[in-house]
Amino acid sequence: METIAPHPEPAEYAGLSESEAVSRRAQYGPNVLPDDSRLGAWRILLLQFGSLMVAILLAAAIVSLLLGDWNDGIAICAILLLNVFLGFSQEYRAERAIAKLRQLSVPLIRVRRDGALREVSSTELVPGDLYLFDAGTVLPADGWLVSGAGVLVDESVLTGESQAISKLPGSTGTECALHAETANATFAGTRVLKGRGAIVVRSTGLSTELGKI
């Protein structure tokens, strides 16, 4: 899905017109993830044993134990369990993040349309929209922070890092990606711990970094 890269600043940006928002929503679809059946923890765990790496390690462990090489067998089993644990942890965290993003279909978000602020469902956000946020907001889409001060964001749902990330407002001209050195890049599913400001939407739904997971 193509990403729109707008270049506005809040002071001079009136937001999208309602007609343009409707057109982009028809092009990009609603800001939601597909409502597939959520995998349970046990199913995620069992799926880890279906990977090629786990199969190879399991076969190697069995061969080592049958040959009486207990040291190698135990070592391979430890590596096997570590591999399964890491895979389970990553997929389980992704499932929980997706569930949180789906819950954003109910809250309203303040956007600037036709130069005026209005409240819309977060599912109606489209690339190019400018929306306002406060501390405690779970960001509903990927974007660029274009206005704000002292903004701290918890991105652990994507990175696994517990330390809050400081965000600085800037222009929207740089194509942002996860882990890119862009201080104003913001991501769907992350939570604002401190500060308030305005964000221009870069991508929605499956095109967000969380959606790609």
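Which residue forms a salt bridge with Glu-155, and how far apart are the closest N and O atoms? The partner is Lys-167, and the closest N and O atoms are 2.8 Å apart. Keep in mind as you look around that this is a predicted model. The protein has 213 residues, and 42% of them count as buried. Let's walk through the overall layout, then the strands, the core and the charged pairs.

**The big picture**

- If you tally the secondary structure, you get six helices and seven strands.
- Going along the sequence, the order is α-α-α-α-β-β-β-β-α-β-β-β-α.
- Take the contacts between residues at least 6 apart in sequence: 71% of these join residues at least 24 apart.
- The protein's accessible surface is about 11,400 Å², and carbon and sulfur atoms account for 58% of that.

**Strand 4 and its partners**

- Strand 4 covers residues 142-154 and runs antiparallel to strand 7, residues 191-203, with ten bridges joining the two.
- To spot this pairing on screen, find Leu-152 and look across to Lys-194 in strand 7, its bridge partner.
- Strand 4 also pairs with strand 5 (residues 165-167), again in the antiparallel sense, over three bridges.
- Here you can look for Val-151, whose bridge partner in strand 5 is Lys-167.
- Strand 6 (residues 185-186) is another antiparallel partner of strand 4, and two bridges hold that pairing.
- Over there, Thr-186 in strand 6 stands opposite Gly-143.

**The nonpolar core**

- In soluble globular proteins, nonpolar side chains tend to be buried together.
- In this model, the largest nonpolar core has 14 residues, and the two that touch the most other members are Tyr-131 and Phe-133.
- At least two residues of this core come from each of strand 1 (108-113), strand 3 (130-133), strand 4 and strand 7.
- What does Tyr-131 contact, leaving aside its neighbours within four places in sequence? Its contacts include Ile-109, Arg-110 and Val-111, then Leu-125, and then Leu-139, Pro-140 and Ala-141.
- Further along the chain, Tyr-131 also contacts Gly-197, Ala-198, Ile-199 and Val-201.

**Lys-167 and Glu-155, back to the opening pair**

- Lys-167 lies in strand 5, while Glu-155 sits in the loop between strand 4 and helix 5 (156-159), so their salt bridge ties together parts that are twelve residues apart in sequence.
- Are these two charged residues buried or exposed? Lys-167 has a relative accessibility of just 5%, so it counts as buried.
- Glu-155 is buried as well, because its relative accessible area is 7% and the cut-off for buried is under 20%.
- Besides Glu-155, the contacts of Lys-167 beyond four places in sequence are Leu-145, Val-151, Val-153, Ala-183, Ala-185 and Phe-187.

**Other salt bridges**

- The full count of salt bridges comes to nine.
- One of them joins the side chains of Glu-18 and Arg-113, at 3.3 Å from N to O.
- That pair links distant parts of the chain: Glu-18 belongs to helix 1 (residues 18-28) and Arg-113 to strand 1, 95 residues apart.
- Glu-18 is partly exposed, with a relative accessible area of 25%, whereas Arg-113 is buried at 0%.
- Another salt bridge brings the side chains of Arg-202 and Asp-142 together, at 3.4 Å from N to O.
- Because Arg-202 lies in strand 7 and Asp-142 in strand 4, this pair ties together parts that are 60 residues apart in sequence.
- Both Arg-202 and Asp-142 are buried.

**A polar contact to find**

- Ser-121 is in strand 2, which covers residues 116-121.
- Is Ser-121 buried or exposed? Its relative accessibility is 14%, so it counts as buried.
- The side chain of Ser-121 makes a polar contact of 2.9 Å with the side chain of Thr-123.

Methods
Residues are numbered from 1 along each chain as its sequence is written. This is a predicted model: local features need pLDDT of at least 70, side-chain atom pairs count only at pLDDT 80 or more; totals for chains, interfaces and linings use all residues. Side-chain values use heavy atoms; hydrogens and water are left out. Two strands pair if DSSP finds at least two bridges between them. Helices (H or I, at least four residues) and strands (E, at least two) are DSSP runs, numbered from the N terminus. A nonpolar core is a set of buried Ala, Val, Leu, Ile, Met, Phe, Trp, Tyr and Cys residues joined through side-chain atoms within 4.5 Å. Buried means under 20% relative accessible area, exposed over 50%, partly exposed in between (1.4 Å probe, protein chains only). Contact means heavy atoms within 4.5 Å. Accessible areas come from the Shrake-Rupley method with a 1.4 Å probe; for residues, only the protein chains shown count as cover. A polar contact is a pair of N or O atoms within 3.5 Å; within protein, one must be able to donate a hydrogen and the other to accept it, and residues adjacent in sequence count only if both atoms are side-chain atoms. A salt bridge is a side-chain nitrogen of Lys or Arg within 4 Å of a carboxyl oxygen of Asp or Glu.
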